[in-house]
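Please load the model in your viewer, show side chains as sticks, and keep a selection command ready for each stop of the tour that follows.

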Amino acid sequence: MPIGPARMPIMDHLGELRMRLVRIVVALLVSVCVFYLATPTIAQFLVMPISEFLPADAEGLAQLTAIDPFESFTVRLSIAFWASIVACSPVILWQILAFFLPALKPKERKWFLPTFAASVALFMFGTVFCYFIILHPAFSWLTDQAGGFAVVMPRAASYIDMIIKFEIGFGCAFELPLIVFYLVVFGVLPYAKLRASWRYVYMGLIVASAMITPDASPMTMLLMFAALVALYELSLLVSRIALGKRLKEQEEQRKREEAEEAEMMAEWKKMRNGD
C-alpha cells in the first residue's frame, strides 16, 4: 500500500485519512459478513477452554443459553465483529502507521516495519496467552463463587462478552514492550530512570492488571501482573541490547552533568565559607 509524501496540503492529508479509514471499514465489513456465517464454529472455539463448566448436547458440544432470539443475533454479530477486528488487525495497524509515517524523519522510518510486525505479533501473543493460560482458571474461580447458594446459567451474551473482553484486554496489554521500547528510543523516559523506578512501575502494573482484567479474580490479576512484569523486564533488556551505544552515551553524559554540578556546589560552598 502506498505511503503519502511528507508535505501535502491539509485537504490532501484529510483525503488520505479518509482513504485509509475507508479501507479499514471495507475490510471490516467483508470480514464481518464472512465470520457471521462461521459464528457457531468460532463460538465453540472460544468456549473450548471453559467447556467443562458448560452443559453439552448429545454430540458433546458446549451449549450456551440465549434468553431471546434478539440476543442470539447480537451475540453472533458481536463474535463476527471482534473476530474481524483480530483478523484485520494487520490491515488496521498498517493503515494507521502508514498515515503517520510521512511525518517521521528518515532515521525514524527504519523502525516502521519492525514496529508493525512487533505490534501484530505482541497482540496475537497476548490473545493466545489469554486463551490457553487465563480463561480456564478465571472461569473456574468465578463459577466456584456460586457454590452453595446458586446455579450458574451460562448465558450466551455474558459469557461471550467476558471471553472477548479477556482476549482484547490481554492483546492490548501485551503491547507494553513496544511502548517501553519507544519511550527509551525517543528519550521520553531514560532507561536509567525506568530501571531505577521499578518499584513504582510494578505498582502501576498491579493497578493496570486490576483494571484490564474484566473479572474480580485474584488469580487472573496475578497472572496478568506476572506476564506484564516479564514483558516489562524483557523490553528493558531488548532496549539495552539494541540501544547499547546510545544508552552508554546517555550514562556518560549523566555522570558528566553530576560531576559538573558537584564541582559547582563545592565552589559555591568554598566561596560561602570564604565570605
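Which residues do ring pairs link into a cluster? Select Phe125, Phe129, Phe170 and Phe174, which ring pairs join into a cluster, and bear in mind throughout that what you see is a predicted model.

**The aromatic pairs**

The structure holds 16 aromatic pairs. A pair of aromatic rings is described by the distance of the centres and the angle of the planes. Begin with Phe45 and Tyr131, whose ring centres are 4.7 Å apart and whose planes stand at 10°, so the pair is stacked. Since Phe45 belongs to helix H2 (residues 39–47) and Tyr131 to helix H6 (residues 112–144), this pair ties together parts that are 86 residues apart in sequence. If you colour by accessibility, Phe45 comes out as partly exposed, with a relative accessible area of 44%, whereas Tyr131, at 9%, counts as buried.

Return now to two members of the cluster, Phe129 and Phe174: their ring centres lie 5.3 Å apart with the planes at 40°, so the pair is tilted. This pair links distant parts of the chain, with Phe129 in helix H6 and Phe174 in the loop between helix H7 (156–173) and helix H8 (176–185), 45 residues apart. Both Phe129 and Phe174 are buried.

For a ring that has a charge as its partner, select Tyr36 together with Arg76, and you will find the charged end of Arg76 sitting over the ring of Tyr36, 4.6 Å from its centre.

**The salt bridges**

Side chains of opposite charge can pair when their charged atoms come close. The structure holds four salt bridges, and the tour stops at Arg20 with Glu16, Glu71 with Arg155, and Arg195 with Glu233.

In the pair of Arg20 and Glu16, the closest N and O atoms are 3.1 Å apart. Because Arg20 and Glu16 are four residues apart in helix H1, about one helical turn separates them. Arg20 is buried, with a relative accessible area of 2%, and Glu16 is buried as well, with 7%.

Move on to Glu71 and Arg155, where the closest N and O atoms of the salt bridge are likewise 3.1 Å apart. Here the pair links distant parts of the chain, with Glu71 in helix H3 (residues 69–87) and Arg155 in the loop between H6 and H7, 84 residues apart. Glu71 counts as buried at 5% relative accessibility, while Arg155, at 39%, counts as partly exposed.

Next, select Arg195 and Glu233, whose closest N and O atoms are 2.9 Å apart. Their salt bridge also links distant parts of the chain, from helix H9 (residues 191–196), which holds Arg195, to helix H11 (residues 218–242), which holds Glu233, 38 residues apart. Arg195 is partly exposed, with a relative accessible area of 29%, and Glu233 counts as partly exposed at 24%.

**Along helix H1**

Ser31 is found in helix H1, counts as buried at 13% relative accessibility, and its side chain reaches the backbone oxygen of Ala27 at 2.8 Å.

Finally, switch to a surface display and select Ile10, Leu14, Leu17 and Leu21, which make a nonpolar surface patch of about 360 Å². Leu21 lies in helix H1 (residues 10–37) and counts as partly exposed at 46% relative accessibility. From Leu17 you may draw a distance to Ile133, which is 116 residues away in sequence and 38 Å away in space, C-alpha to C-alpha; Ile133 lies in helix H6 and, at 38% relative accessibility, counts as partly exposed.

Technical notes:
Residues numbered from 1 in each chain as written. Predicted model: local features only at pLDDT ≥ 70, side-chain atom pairs only at ≥ 80, totals over all residues. Heavy atoms only, no water. Patch = residues over 30% accessible without salt bridge, like charges linked within 9 Å, V, L, I, M, F, W, Y side chains within 5 Å. Areas by Shrake-Rupley, 256 points an atom, 1.4 Å probe, with all protein chains shown as cover. Salt bridge = Lys/Arg side-chain N within 4 Å of Asp/Glu carboxyl O. Helix = DSSP H or I, 4+ residues; strand = E, 2+ residues; numbered from the N terminus. Buried < 20%, exposed > 50% of the residue type's maximum accessible area, 1.4 Å probe, protein only. Phe/Tyr/Trp six-rings, centres within 6.5 Å; stacked < 30°, edge-to-face > 60°. Lys NZ or Arg CZ within 6 Å of the ring centre and 35° of its normal. Polar contact = N/O pair within 3.5 Å; in protein donor to acceptor, adjacent residues only side chain to side chain.
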